[in-house]
Amino acid sequence: MRLLGTTSSRMVAAKAPDLLSTTLAFKDPSAFKVKSWGELLRALGIFQLCSFPVLVNNCGKLMSVARTLLGRRGFSLLLRPTLYTQFVAGENESEISQSMEKMSLLGLRPMLAVPIEEDLGESTGEKRYDDNMEAMLECVRMSHSNAWSKDPMMQLKITALLSPELCVKLTTLIAKQPYDMNLLVRAMDGEPINFPGLGESEVAHFLCGLQRLNKIAEASVNKVRVLVDAEYTYMNPALSLVTMAMMKKFNKDDYQINTYPVCVYQESRSLLLEALHRSKNEDFCLGVKLVRGAYMDKERKLAEKEGHPDPIHKCWEDTNDSYNGSLDVMLDIITQNPERYRIIVATHNEESVRRAAKRIEELGIDKDKGSVCFGQLLGMCDHVSLTLAKEGYAVYKSVPYGSVDDTLPYLVRRAQENRTVLQGIRKERDLLRQELRRRLHLRLRGGR
């Protein structure tokens, strides 16, 4: 299993800054020439609806009402050609392959995302977690066996394999007395470990969860890089501990497992520096998927309800500073030791993308070697993704898959997390309109 992986970088000639600024202005509608008429119209219609805050803010309730009124089949018939097709790759391997092959032709790389996660109160027992593990093993198989990308990746959430309640308790325990990562590594290997502070049933569940993660990691060794998502702040310390233990075991010579700092949190920079410190002391490769923000609304409401300090940055500028500062830290260390570190710049923010591209050129990092990649969500920010790919950068799209029923909760949560992105896609809508007008003009003139 390869944490976010990096191979050796070579120095390349830097592109002139003014030329870089021009090519990455993301103002050229020709990026959408590769899309069909249907794809253009669907994207434009969906993005127009997403510009209304009342629809985005209440999408879960609206979908629930629609499903009740239309029934399961009618609701599926409504969603499949619209929202589902825009943001989901498909339900079975055949449908997924068609989507991925088209993405590969555009120079984009798929990063399959198993749309399974849990929050407090949603735990359903060991069988459910075992079933989730099997789904993730199937994701590893699909990602490896199909020639969609020369460096395949997948994403998972630990709460699909380990109960959120246990993760919260572990977070409380390690705040008082940190666990030794070696205990978790030994537990992954099947050794019966007694974790201080946990009851007998909790220890048994923790051991099962660690062994589930171990099976996925072993299945992906030298095949697929695995990205472990961050989740809510009240369980992230436990998730980080588990992820670091996985990295210590599997990231000795390459990036098999990757962590996922979220820069909207005030503690994000310190967590990144801590991860770098651990990777050096414990001698493992560190891969990072750097994300701007997630779960913000729920985190703020929970902090207010429980009287805790707000974990989110006070303003957009602070989040920008956090993201760009963390980005600079990673790019600098990649330049010094490209064999041991790697980053996916996972953002829809054009300024951060341009900043990363500029630093890549200034530092002489080979953009084709994989030390630095870019990432966006499937169905969004295509004008950025396609332009980056055209300029030779490695660009991944986060690709959920599954049935309408399986992916609906995932889509609703992602819509809530990315509401500011959804409501601020005016530029992408304008570019889509320009491309439609260009085609209509050509058709009226008798062109193609």
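User: What does the side chain of Asp180 reach at the start of α8?

Analyst: In this predicted model, a side-chain oxygen of Asp180 comes to within 2.9 Å of the backbone nitrogen of Asn182. That is at the start of α8.

User: And what follows the helix at its other side? Which residue comes after α8, and what's its phi like?

Analyst: Gly190 follows α8, and its phi is positive, near 100 degrees.

User: Is α8 largely enclosed or not, and how many of its residues are buried?

Analyst: It's largely enclosed by the rest of the structure, because 6 of the 8 residues of α8 are buried. The buried ones are Met181, Leu183, Leu184, Val185, Ala187 and Met188.

User: What covers them?

Analyst: The cover over the buried residues of α8 includes α9, α10 and α11, the last being residues 268-282.

User: Leu184 is on that list. Which residues have the most contacts inside the largest nonpolar core?

Analyst: Leu184, Phe195 and Phe206 have the most contacts there, in a core of 96 residues. Helix α10, residues 236-250, supplies the largest share of this core, with 9 residues.

User: Any other core around? How many residues does it have, and which ones are among them?

Analyst: Another core lies apart from that one and has 27 residues, including Phe32, Phe47, Tyr84 and Leu432. As background, nonpolar side chains tend to be buried together in soluble globular proteins.

User: Back to Phe195. What does it touch, leaving out residues up to four places away in sequence?

Analyst: With those left out, Phe195 touches Tyr179, Leu183, Leu184, Ala187, Val203, Phe206, Leu207 and Leu210.

User: Let's do aromatics, then. How many aromatic pairs turn up in the whole structure?

Analyst: A search of the whole structure gives 3 aromatic pairs. In one of them, Phe195 and Phe206 have ring centres 4.8 Å apart and planes at 55 degrees, so that pair is tilted.

User: Why does that pair tie together separate parts?

Analyst: Because Phe195 is in the loop between α8 (181-188) and α9 (200-220), while Phe206 is in helix α9, the pair ties together parts that are 11 residues apart in sequence. Both Phe195 and Phe206 are buried.

User: Which residues do ring pairs link into a cluster?

Analyst: Tyr179, Phe195 and Phe206 are linked into a cluster by ring pairs.

User: What about Phe374 and Tyr393, how are those rings arranged?

Analyst: Phe374 and Tyr393 make an edge-to-face pair, with 5.5 Å centre to centre and 90 degrees between the planes. Phe374 is in strand β7 (residues 372-377) and Tyr393 is in the loop between α15 (382-390) and β8 (395-400), so parts 19 residues apart in sequence are tied together.

User: Buried or exposed, starting with Phe374?

Analyst: Phe374 counts as buried, at 0% relative accessibility. Tyr393 is buried too, with a relative accessible area of 4%.

User: Which residue lies over the face of Tyr393?

Analyst: Lys367 does, at 4.4 Å from the ring centre. Elsewhere, the charged end of Arg439 sits over the ring of Trp37, 5.8 Å from the centre of that ring.

User: Switching to strands. How many bridges join β2 to β3, and do they run parallel or antiparallel?

Analyst: β2 (residues 153-156) and β3 run parallel, with 4 bridges joining them. Leu156 has Val228 as its bridge partner in β3.

User: Which residues of β3 are buried on each side?

Analyst: Strand β3, residues 225-228, is covered on both faces. Arg225 and Leu227 are buried on one side, and Val226 and Val228 are buried on the other.

User: Now polar stuff. What does the side chain of Asn236 reach?

Analyst: The Asn236 side chain reaches the backbone nitrogen of Glu231 at 2.7 Å. Asn236 lies in helix α10 and is buried, with a relative accessible area of 10%.

User: And where does Asn92 sit?

Analyst: Asn92 is in the loop between α4 (59-87) and α5 (93-105), and at 37% relative accessibility Asn92 counts as partly exposed. A polar atom of the Asn92 side chain lies 3.2 Å from the backbone nitrogen of Ser94. Asn92 and Tyr401 are 8.1 Å apart in space, C-alpha to C-alpha, though 309 residues apart in sequence.

User: Last one, zooming out: how many helices and strands?

Analyst: There are 18 helices and 8 strands in the chain. Of its 448 residues, 55% count as buried. Among contacts in the chain with a separation of 6 or more, 81% are between residues 24 or more positions apart.

Conventions. Residues numbered from 1 in each chain as written. Predicted model: local features only at pLDDT ≥ 70, side-chain atom pairs only at ≥ 80, totals over all residues. Heavy atoms only, no water. Core = buried A, V, L, I, M, F, W, Y, C linked by side-chain atoms within 4.5 Å. Buried < 20%, exposed > 50% of the residue type's maximum accessible area, 1.4 Å probe, protein only. Helix = DSSP H or I, 4+ residues; strand = E, 2+ residues; numbered from the N terminus. Contact = heavy atoms within 4.5 Å. Pairing = 2+ DSSP bridges. Phe/Tyr/Trp six-rings, centres within 6.5 Å; stacked < 30°, edge-to-face > 60°. Lys NZ or Arg CZ within 6 Å of the ring centre and 35° of its normal. Polar contact = N/O pair within 3.5 Å; in protein donor to acceptor, adjacent residues only side chain to side chain.
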